Amino acid sequence: MRRSTLAFLAAIAILTVGTSFLAPECVAQSTASINGTVTDATGAVIPGATITAVNKATGAVRTGVTNSQGLYSISSVEPGVYDITIVKANLAGLRFASVRLTVDQALTLNAKMEVSQQNVTVEVQGSQVAPIDTTDAQISSVVDEKQIQDLPLILRDPYQLVLLSPGTTQTNSGLGGFSIDGARERDNNFMLDGENNNDPGVPGSGLVTLNPDTTQEFRVITNNYLPEFGRNAGSVIDIVTKSGTNEYHGDVYYFGRWDALGARDYFNTVALGSKNPYVRNLYGASIGGPIKKNKLFYFFNYEGHRWDTTTEANATVPAPGFSTGIFTYTDPQSNVTSNINVSTPASANNAYGLALDPQIQKILAFYPSPNGAAVLPGI
(Lines give C-alpha, C1' and ligand atoms only; values in the text may rest on other atoms or scores of the structure.)
Protein backbone atom coordinates (compact mmCIF):
# COMPACT_ATOMS: atom_id res chain seq x y z
CA MET A 1 0.00 0.00 0.00
CA ARG A 2 2.79 2.42 0.88
CA ARG A 3 4.69 1.72 -2.32
CA SER A 4 1.65 2.28 -4.50
CA THR A 5 0.82 5.52 -2.68
CA LEU A 6 4.33 6.86 -3.11
CA ALA A 7 4.43 5.86 -6.76
CA PHE A 8 1.14 7.62 -7.39
CA LEU A 9 2.31 10.77 -5.64
CA ALA A 10 5.61 10.68 -7.51
CA ALA A 11 3.67 10.55 -10.78
CA ILE A 12 1.74 13.65 -9.71
CA ALA A 13 4.99 15.42 -8.87
CA ILE A 14 6.47 14.58 -12.27
CA LEU A 15 3.31 15.80 -14.00
CA THR A 16 3.42 19.04 -12.02
CA VAL A 17 7.08 19.67 -12.77
CA GLY A 18 6.64 18.83 -16.44
CA THR A 19 3.71 21.19 -16.84
CA SER A 20 5.66 24.03 -15.25
CA PHE A 21 8.60 23.61 -17.60
CA LEU A 22 6.56 23.73 -20.80
CA ALA A 23 5.64 26.90 -22.60
CA PRO A 24 1.91 27.74 -22.63
CA GLU A 25 1.50 26.83 -26.29
CA CYS A 26 3.00 23.34 -25.72
CA VAL A 27 0.22 22.02 -23.50
CA ALA A 28 -3.53 22.50 -23.16
CA GLN A 29 -4.33 25.23 -20.66
CA SER A 30 -7.27 26.32 -18.56
CA THR A 31 -7.13 30.03 -19.32
CA ALA A 32 -9.01 33.31 -18.95
CA SER A 33 -9.74 36.17 -21.33
CA ILE A 34 -10.16 39.96 -21.26
CA ASN A 35 -12.50 41.95 -23.48
CA GLY A 36 -14.17 45.33 -23.56
CA THR A 37 -14.78 48.64 -25.30
CA VAL A 38 -12.59 51.73 -25.15
CA THR A 39 -14.33 55.13 -25.52
CA ASP A 40 -13.56 58.80 -24.91
CA ALA A 41 -15.33 61.23 -22.59
CA THR A 42 -18.14 61.78 -25.11
CA GLY A 43 -18.78 58.07 -25.55
CA ALA A 44 -17.21 57.88 -29.00
CA VAL A 45 -15.27 54.68 -29.61
CA ILE A 46 -11.47 54.79 -29.83
CA PRO A 47 -9.87 52.55 -32.47
CA GLY A 48 -6.19 51.68 -32.38
CA ALA A 49 -5.77 51.82 -28.58
CA THR A 50 -3.18 49.35 -27.28
CA ILE A 51 -4.07 47.12 -24.31
CA THR A 52 -1.20 45.40 -22.46
CA ALA A 53 -1.65 42.83 -19.69
CA VAL A 54 1.43 41.93 -17.61
CA ASN A 55 1.40 38.96 -15.22
CA LYS A 56 2.83 40.26 -11.95
CA ALA A 57 4.13 36.84 -10.89
CA THR A 58 5.84 35.69 -14.11
CA GLY A 59 6.25 38.85 -16.19
CA ALA A 60 4.31 37.28 -19.08
CA VAL A 61 2.94 39.93 -21.45
CA ARG A 62 -0.22 39.77 -23.58
CA THR A 63 -1.36 42.60 -25.86
CA GLY A 64 -4.35 43.59 -27.93
CA VAL A 65 -5.55 46.51 -30.08
CA THR A 66 -9.04 47.96 -30.36
CA ASN A 67 -10.73 47.62 -33.74
CA SER A 68 -12.73 50.21 -35.65
CA GLN A 69 -15.64 49.78 -33.19
CA GLY A 70 -13.36 50.30 -30.20
CA LEU A 71 -13.61 46.64 -29.22
CA TYR A 72 -10.71 44.47 -28.07
CA SER A 73 -10.26 40.89 -26.88
CA ILE A 74 -7.23 39.11 -25.39
CA SER A 75 -7.73 35.36 -25.10
CA SER A 76 -5.74 32.45 -23.63
CA VAL A 77 -4.53 34.45 -20.63
CA GLU A 78 -3.07 32.36 -17.82
CA PRO A 79 -4.99 32.80 -14.52
CA GLY A 80 -3.22 35.17 -12.15
CA VAL A 81 -2.86 38.82 -11.10
CA TYR A 82 -2.25 41.34 -13.89
CA ASP A 83 -1.44 45.00 -14.39
CA ILE A 84 -3.47 46.12 -17.43
CA THR A 85 -2.63 49.36 -19.25
CA ILE A 86 -4.47 51.10 -22.10
CA VAL A 87 -2.67 53.77 -24.13
CA LYS A 88 -3.48 55.93 -27.14
CA ALA A 89 -1.72 58.99 -28.52
CA ASN A 90 -3.05 62.33 -27.22
CA LEU A 91 -5.10 60.57 -24.53
CA ALA A 92 -4.32 60.01 -20.85
CA GLY A 93 -3.30 56.42 -20.28
CA LEU A 94 -5.21 54.06 -18.01
CA ARG A 95 -3.63 51.50 -15.70
CA PHE A 96 -5.69 48.88 -13.87
CA ALA A 97 -3.41 47.60 -11.10
CA SER A 98 -3.54 44.06 -9.69
CA VAL A 99 -6.56 42.74 -11.58
CA ARG A 100 -7.16 39.09 -10.72
CA LEU A 101 -8.12 36.72 -13.54
CA THR A 102 -9.49 33.32 -12.56
CA VAL A 103 -9.68 30.10 -14.53
CA ASP A 104 -12.22 30.13 -17.42
CA GLN A 105 -13.15 33.74 -16.64
CA ALA A 106 -14.12 36.18 -19.40
CA LEU A 107 -13.51 39.56 -17.78
CA THR A 108 -15.25 42.53 -19.39
CA LEU A 109 -13.05 45.58 -18.78
CA ASN A 110 -14.42 48.72 -20.43
CA ALA A 111 -12.37 51.93 -20.36
CA LYS A 112 -13.06 55.63 -20.81
CA MET A 113 -10.06 57.76 -21.76
CA GLU A 114 -9.62 61.50 -21.32
CA VAL A 115 -7.94 63.91 -23.74
CA SER A 116 -4.45 64.91 -22.56
CA GLN A 117 -1.46 66.47 -24.28
CA GLN A 118 0.82 65.36 -21.46
CA ASN A 119 2.21 61.91 -20.81
CA VAL A 120 0.01 61.03 -17.82
CA THR A 121 -1.53 57.78 -16.64
CA VAL A 122 -4.62 57.35 -14.48
CA GLU A 123 -4.38 54.35 -12.14
CA VAL A 124 -7.36 52.30 -10.99
CA GLN A 125 -7.00 49.63 -8.32
CA GLY A 126 -7.97 46.13 -9.42
CA SER A 127 -10.22 45.73 -6.36
CA GLN A 128 -12.53 48.30 -7.98
CA VAL A 129 -12.94 46.19 -11.12
CA ALA A 130 -16.11 44.12 -10.85
CA PRO A 131 -15.45 40.50 -11.99
CA ILE A 132 -18.59 40.42 -14.12
CA ASP A 133 -18.79 38.25 -17.22
CA THR A 134 -21.04 39.87 -19.82
CA THR A 135 -19.55 37.82 -22.67
CA ASP A 136 -21.44 34.56 -22.14
CA ALA A 137 -24.25 33.08 -20.05
CA GLN A 138 -22.27 30.46 -18.14
CA ILE A 139 -23.26 29.92 -14.51
CA SER A 140 -20.25 29.05 -12.37
CA SER A 141 -18.35 29.64 -9.15
CA VAL A 142 -14.64 29.67 -8.29
CA VAL A 143 -12.85 28.03 -5.36
CA ASP A 144 -9.65 30.02 -4.97
CA GLU A 145 -6.30 29.30 -3.32
CA LYS A 146 -7.22 31.00 -0.04
CA GLN A 147 -10.30 28.80 0.40
CA ILE A 148 -8.30 25.69 -0.43
CA GLN A 149 -5.63 26.57 2.14
CA ASP A 150 -7.87 27.89 4.93
CA LEU A 151 -10.91 25.60 4.91
CA PRO A 152 -10.61 22.23 6.72
CA LEU A 153 -9.97 19.27 4.41
CA ILE A 154 -9.72 16.11 6.48
CA LEU A 155 -8.76 14.08 3.39
CA ARG A 156 -6.68 16.92 1.86
CA ASP A 157 -8.74 16.57 -1.29
CA PRO A 158 -9.59 19.93 -2.94
CA TYR A 159 -12.52 18.30 -4.75
CA GLN A 160 -14.33 18.23 -1.39
CA LEU A 161 -14.80 21.98 -1.83
CA VAL A 162 -16.97 21.43 -4.90
CA LEU A 163 -19.77 21.23 -2.35
CA LEU A 164 -19.40 25.01 -1.82
CA SER A 165 -21.09 25.54 -5.20
CA PRO A 166 -24.84 26.30 -5.07
CA GLY A 167 -27.10 23.35 -5.84
CA THR A 168 -24.45 20.74 -5.00
CA THR A 169 -25.15 17.65 -2.90
CA GLN A 170 -23.07 14.65 -1.91
CA THR A 171 -24.37 11.41 -3.44
CA ASN A 172 -24.87 8.16 -1.50
CA SER A 173 -24.14 5.75 -4.35
CA GLY A 174 -20.79 4.67 -2.94
CA LEU A 175 -18.80 6.36 -5.72
CA GLY A 176 -17.99 9.33 -3.50
CA GLY A 177 -19.24 11.80 -6.10
CA PHE A 178 -21.69 14.67 -6.08
CA SER A 179 -24.71 15.90 -7.96
CA ILE A 180 -25.23 19.50 -9.13
CA ASP A 181 -28.68 20.81 -9.98
CA GLY A 182 -30.03 17.26 -9.96
CA ALA A 183 -27.66 15.88 -12.63
CA ARG A 184 -26.21 12.40 -12.17
CA GLU A 185 -22.75 12.19 -10.65
CA ARG A 186 -21.64 10.11 -13.63
CA ASP A 187 -22.27 13.12 -15.89
CA ASN A 188 -19.65 15.39 -14.29
CA ASN A 189 -16.62 16.33 -16.38
CA PHE A 190 -13.32 16.79 -14.54
CA MET A 191 -10.54 18.77 -16.21
CA LEU A 192 -6.91 19.30 -15.15
CA ASP A 193 -5.03 22.20 -16.76
CA GLY A 194 -7.35 22.03 -19.76
CA GLU A 195 -7.19 18.25 -20.28
CA ASN A 196 -9.88 15.70 -19.42
CA ASN A 197 -9.24 14.14 -16.02
CA ASN A 198 -12.03 11.57 -15.74
CA ASP A 199 -11.63 8.19 -14.09
CA PRO A 200 -12.96 5.61 -16.59
CA GLY A 201 -13.34 3.00 -13.86
CA VAL A 202 -15.27 5.22 -11.43
CA PRO A 203 -17.51 7.59 -13.42
CA GLY A 204 -18.18 10.88 -11.68
CA SER A 205 -14.76 11.33 -10.08
CA GLY A 206 -11.41 12.76 -11.08
CA LEU A 207 -8.64 10.41 -12.19
CA VAL A 208 -5.79 12.45 -10.66
CA THR A 209 -6.56 14.17 -7.36
CA LEU A 210 -4.08 16.85 -6.36
CA ASN A 211 -3.32 17.94 -2.83
CA PRO A 212 -3.96 21.53 -1.64
CA ASP A 213 -0.28 22.47 -2.02
CA THR A 214 -0.32 21.82 -5.78
CA THR A 215 -3.74 23.32 -6.50
CA GLN A 216 -4.06 26.97 -7.48
CA GLU A 217 -7.83 27.15 -7.96
CA PHE A 218 -10.74 25.56 -9.81
CA ARG A 219 -14.03 26.61 -11.32
CA VAL A 220 -17.30 24.69 -11.16
CA ILE A 221 -19.47 25.41 -14.21
CA THR A 222 -23.03 24.27 -13.65
CA ASN A 223 -25.04 25.50 -16.62
CA ASN A 224 -24.99 27.12 -20.08
CA TYR A 225 -21.57 25.72 -20.98
CA LEU A 226 -19.50 27.10 -23.80
CA PRO A 227 -18.84 24.73 -26.75
CA GLU A 228 -15.43 23.68 -25.44
CA PHE A 229 -17.15 22.17 -22.38
CA GLY A 230 -19.65 20.07 -24.29
CA ARG A 231 -18.38 16.63 -23.26
CA ASN A 232 -20.82 15.81 -20.43
CA ALA A 233 -24.35 16.78 -19.40
CA GLY A 234 -23.47 17.45 -15.73
CA SER A 235 -21.16 20.00 -14.19
CA VAL A 236 -17.62 20.92 -15.32
CA ILE A 237 -14.86 21.06 -12.69
CA ASP A 238 -11.79 22.74 -14.20
CA ILE A 239 -8.76 22.68 -11.88
CA VAL A 240 -5.52 24.62 -12.35
CA THR A 241 -2.20 23.52 -10.85
CA LYS A 242 0.38 25.85 -9.36
CA SER A 243 3.47 26.87 -11.30
CA GLY A 244 6.71 28.69 -10.60
CA THR A 245 7.07 32.48 -10.56
CA ASN A 246 9.85 35.05 -10.58
CA GLU A 247 10.17 34.66 -6.82
CA TYR A 248 11.13 31.57 -4.86
CA HIS A 249 8.36 30.07 -2.78
CA GLY A 250 8.30 26.84 -0.82
CA ASP A 251 6.95 25.14 2.26
CA VAL A 252 7.28 22.01 4.38
CA TYR A 253 4.24 20.51 6.05
CA TYR A 254 3.09 17.66 8.25
CA PHE A 255 -0.37 16.42 9.24
CA GLY A 256 -0.98 13.72 11.83
CA ARG A 257 -3.98 11.79 13.11
CA TRP A 258 -3.82 9.36 16.04
CA ASP A 259 -6.23 7.00 17.80
CA ALA A 260 -5.22 8.43 21.19
CA LEU A 261 -7.87 11.12 20.74
CA GLY A 262 -10.54 8.82 19.29
CA ALA A 263 -12.97 6.26 20.66
CA ARG A 264 -12.97 2.55 19.95
CA ASP A 265 -14.79 1.23 16.94
CA TYR A 266 -18.26 -0.06 17.91
CA PHE A 267 -17.22 -3.65 17.20
CA ASN A 268 -13.74 -3.30 18.69
CA THR A 269 -14.89 -4.13 22.23
CA VAL A 270 -12.66 -4.29 25.29
CA ALA A 271 -13.09 -8.08 25.29
CA LEU A 272 -11.15 -8.24 22.02
CA GLY A 273 -8.06 -6.72 23.62
CA SER A 274 -6.24 -3.53 22.71
CA LYS A 275 -7.86 -0.76 20.72
CA ASN A 276 -7.33 -0.87 16.98
CA PRO A 277 -4.57 1.56 15.94
CA TYR A 278 -5.40 4.52 13.75
CA VAL A 279 -2.25 6.44 12.86
CA ARG A 280 -1.86 8.61 9.77
CA ASN A 281 1.33 10.52 9.10
CA LEU A 282 1.22 12.76 6.07
CA TYR A 283 4.15 14.97 5.17
CA GLY A 284 5.50 16.83 2.18
CA ALA A 285 7.30 19.80 0.73
CA SER A 286 6.96 22.07 -2.29
CA ILE A 287 9.16 24.64 -3.96
CA GLY A 288 8.86 26.82 -7.04
CA GLY A 289 10.85 29.57 -8.69
CA PRO A 290 12.46 30.87 -11.87
CA ILE A 291 14.93 29.05 -14.11
CA LYS A 292 15.16 32.12 -16.33
CA LYS A 293 13.34 35.19 -15.10
CA ASN A 294 10.19 36.07 -17.08
CA LYS A 295 10.81 33.05 -19.34
CA LEU A 296 11.06 29.65 -17.65
CA PHE A 297 9.85 28.40 -14.27
CA TYR A 298 9.61 25.26 -12.21
CA PHE A 299 7.37 23.93 -9.44
CA PHE A 300 7.87 20.70 -7.47
CA ASN A 301 5.78 19.01 -4.80
CA TYR A 302 6.31 15.75 -2.95
CA GLU A 303 3.86 14.20 -0.50
CA GLY A 304 4.30 10.95 1.43
CA HIS A 305 1.81 8.92 3.46
CA ARG A 306 2.52 6.52 6.34
CA TRP A 307 -0.59 4.79 7.65
CA ASP A 308 -1.05 2.22 10.43
CA THR A 309 -4.71 1.29 10.53
CA THR A 310 -6.77 -1.81 11.30
CA THR A 311 -10.53 -2.40 11.30
CA GLU A 312 -13.01 -4.86 12.69
CA ALA A 313 -14.89 -6.97 10.14
CA ASN A 314 -18.09 -8.90 10.77
CA ALA A 315 -19.64 -11.81 8.94
CA THR A 316 -23.15 -13.20 9.34
CA VAL A 317 -23.18 -17.01 9.69
CA PRO A 318 -25.97 -19.54 10.38
CA ALA A 319 -26.86 -20.19 14.01
CA PRO A 320 -26.00 -23.68 15.46
CA GLY A 321 -29.67 -24.68 15.24
CA PHE A 322 -29.42 -24.90 11.45
CA SER A 323 -27.01 -27.83 11.87
CA THR A 324 -28.53 -29.53 14.92
CA GLY A 325 -32.22 -28.90 14.23
CA ILE A 326 -32.71 -27.62 17.79
CA PHE A 327 -33.53 -23.91 18.06
CA THR A 328 -33.90 -21.79 21.18
CA TYR A 329 -36.75 -19.31 21.34
CA THR A 330 -37.40 -16.65 23.98
CA ASP A 331 -40.91 -15.23 24.25
CA PRO A 332 -40.56 -11.41 24.30
CA GLN A 333 -43.69 -11.05 26.45
CA SER A 334 -43.09 -13.63 29.16
CA ASN A 335 -39.31 -13.88 28.74
CA VAL A 336 -39.67 -17.66 28.87
CA THR A 337 -37.11 -19.68 26.88
CA SER A 338 -38.07 -22.93 25.15
CA ASN A 339 -36.52 -25.31 22.62
CA ILE A 340 -37.95 -26.01 19.17
CA ASN A 341 -36.79 -29.48 18.08
CA VAL A 342 -36.96 -30.58 14.44
CA SER A 343 -33.77 -32.68 14.52
CA THR A 344 -35.47 -35.99 13.57
CA PRO A 345 -38.68 -36.96 11.75
CA ALA A 346 -40.17 -38.01 15.09
CA SER A 347 -39.35 -34.77 16.93
CA ALA A 348 -42.28 -33.11 18.63
CA ASN A 349 -42.07 -29.91 16.61
CA ASN A 350 -41.41 -31.58 13.22
CA ALA A 351 -44.86 -31.11 11.68
CA TYR A 352 -43.88 -32.55 8.29
CA GLY A 353 -41.80 -35.49 9.54
CA LEU A 354 -38.74 -34.56 7.45
CA ALA A 355 -35.16 -35.41 8.27
CA LEU A 356 -32.32 -32.90 8.10
CA ASP A 357 -31.08 -32.61 4.51
CA PRO A 358 -27.64 -34.27 4.24
CA GLN A 359 -26.46 -31.97 1.40
CA ILE A 360 -27.36 -28.83 3.35
CA GLN A 361 -25.56 -30.27 6.36
CA LYS A 362 -22.36 -30.55 4.30
CA ILE A 363 -22.67 -26.93 3.22
CA LEU A 364 -23.30 -25.75 6.80
CA ALA A 365 -20.16 -27.58 7.92
CA PHE A 366 -18.07 -25.03 6.03
CA TYR A 367 -19.43 -22.13 8.12
CA PRO A 368 -17.58 -21.16 11.33
CA SER A 369 -19.31 -20.99 14.67
CA PRO A 370 -21.02 -17.67 15.51
CA ASN A 371 -19.00 -15.37 17.77
CA GLY A 372 -15.99 -17.62 17.32
CA ALA A 373 -12.42 -16.90 16.30
CA ALA A 374 -11.65 -14.56 13.41
CA VAL A 375 -11.76 -16.32 10.07
CA LEU A 376 -11.37 -13.52 7.49
CA PRO A 377 -7.90 -12.90 6.00
CA GLY A 378 -6.01 -10.14 7.74
CA ILE A 379 -8.32 -10.05 10.80
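## Close-ups of a predicted model

**View 1. An arginine sits over a tryptophan ring.** Here R280 lies over the face of W307, and the distance to the ring centre is 4.2 Å. Keep in mind for every view that this is a predicted model.

**View 2. Zooming out: the whole chain.** Before going further in, let's take stock of the protein chain. Its 379 residues include 35% that count as buried. The chain has four helices and 21 strands. The accessible surface adds up to about 21900 Å², and carbon and sulfur atoms hold 57% of that. How many of the contacts between residues at least 6 apart in sequence join residues at least 24 apart? The share is 62%.

**View 3. Two aromatic rings meet edge-to-face.** Six aromatic pairs turn up when the whole structure is searched. One of them is Y159 with F190, an edge-to-face pair with 5.0 Å from centre to centre and 75° between the planes. Those two values are what you need, because an aromatic pair is described by the distance of the ring centres and the angle of the planes. Y159 belongs to the loop between α2 (145–150) and β11 (168–170), while F190 is in strand β13 (residues 189–192), so this pair ties together parts that are 31 residues apart in sequence. Are these two residues buried or exposed? Both Y159 and F190 are buried. They also have company: ring pairs join Y159, F178, F190 and F218 into a cluster.

**View 4. A tilted pair of tyrosines.** Now look at Y283 and Y302, whose rings form a tilted aromatic pair: the centres are 6.5 Å apart and the planes make an angle of 50°. Y283 comes from strand β18 (residues 278–292) and Y302 from strand β19 (residues 296–309), so to speak two distant parts of the chain, 19 residues apart, linked by the pair. Y283 has a relative accessible area of 27%, so it counts as partly exposed. Y302 is partly exposed too, at 29% relative accessibility.

**View 5. An open sheet of five strands.** Follow the strands across in the order β10-β15-β16-β13-β14 and you have an open sheet with mixed pairing. Which strands are at the edges? They are β10 (139–143) and β14 (195–196), each of which pairs on one side only. Strands in a sheet pair through backbone hydrogen bonds, and they can run parallel or antiparallel. For β10 and β15 the sense is antiparallel, over five bridges. To find your way between them, start at V142, whose bridge partner in β15 is R219.

**View 6. A buried threonine in β15.** T215 is part of strand β15, which covers residues 215–223. With a relative accessible area of 0%, T215 is buried. What does the side chain of T215 reach? It reaches the backbone oxygen of N211, at 3.0 Å. Beyond the neighbours within four places in sequence, T215 is in contact with I148, P158, L210, I239, V240 and K242.

**View 7. A buried valine in β4.** The last stop is V77, in strand β4 (residues 71–77). Its relative accessibility is 0%, so V77 counts as buried. Setting aside neighbours within four places in sequence, V77 is in contact with T31, A32, S33, R62, Y82 and L101. Look for S30 as well: its C-alpha atom is 8.8 Å from that of V77, although the two residues are 47 apart along the chain.

Conventions: Residues are numbered from 1 along each chain as its sequence is written. This is a predicted model: local features need pLDDT of at least 70, side-chain atom pairs count only at pLDDT 80 or more; totals for chains, interfaces and linings use all residues. Side-chain values use heavy atoms; hydrogens and water are left out. Buried means under 20% relative accessible area, exposed over 50%, partly exposed in between (1.4 Å probe, protein chains only). A polar contact is a pair of N or O atoms within 3.5 Å; within protein, one must be able to donate a hydrogen and the other to accept it, and residues adjacent in sequence count only if both atoms are side-chain atoms. Contact means heavy atoms within 4.5 Å. Rings of Phe, Tyr and Trp (its six-membered ring) pair if their centres lie within 6.5 Å; planes under 30 degrees apart count as stacked, over 60 as edge-to-face and the rest as tilted. A charge sits over a ring if NZ of Lys or CZ of Arg is within 6 Å of the ring centre and within 35 degrees of the ring normal. Two strands pair if DSSP finds at least two bridges between them. Accessible areas come from the Shrake-Rupley method with a 1.4 Å probe; for residues, only the protein chains shown count as cover.
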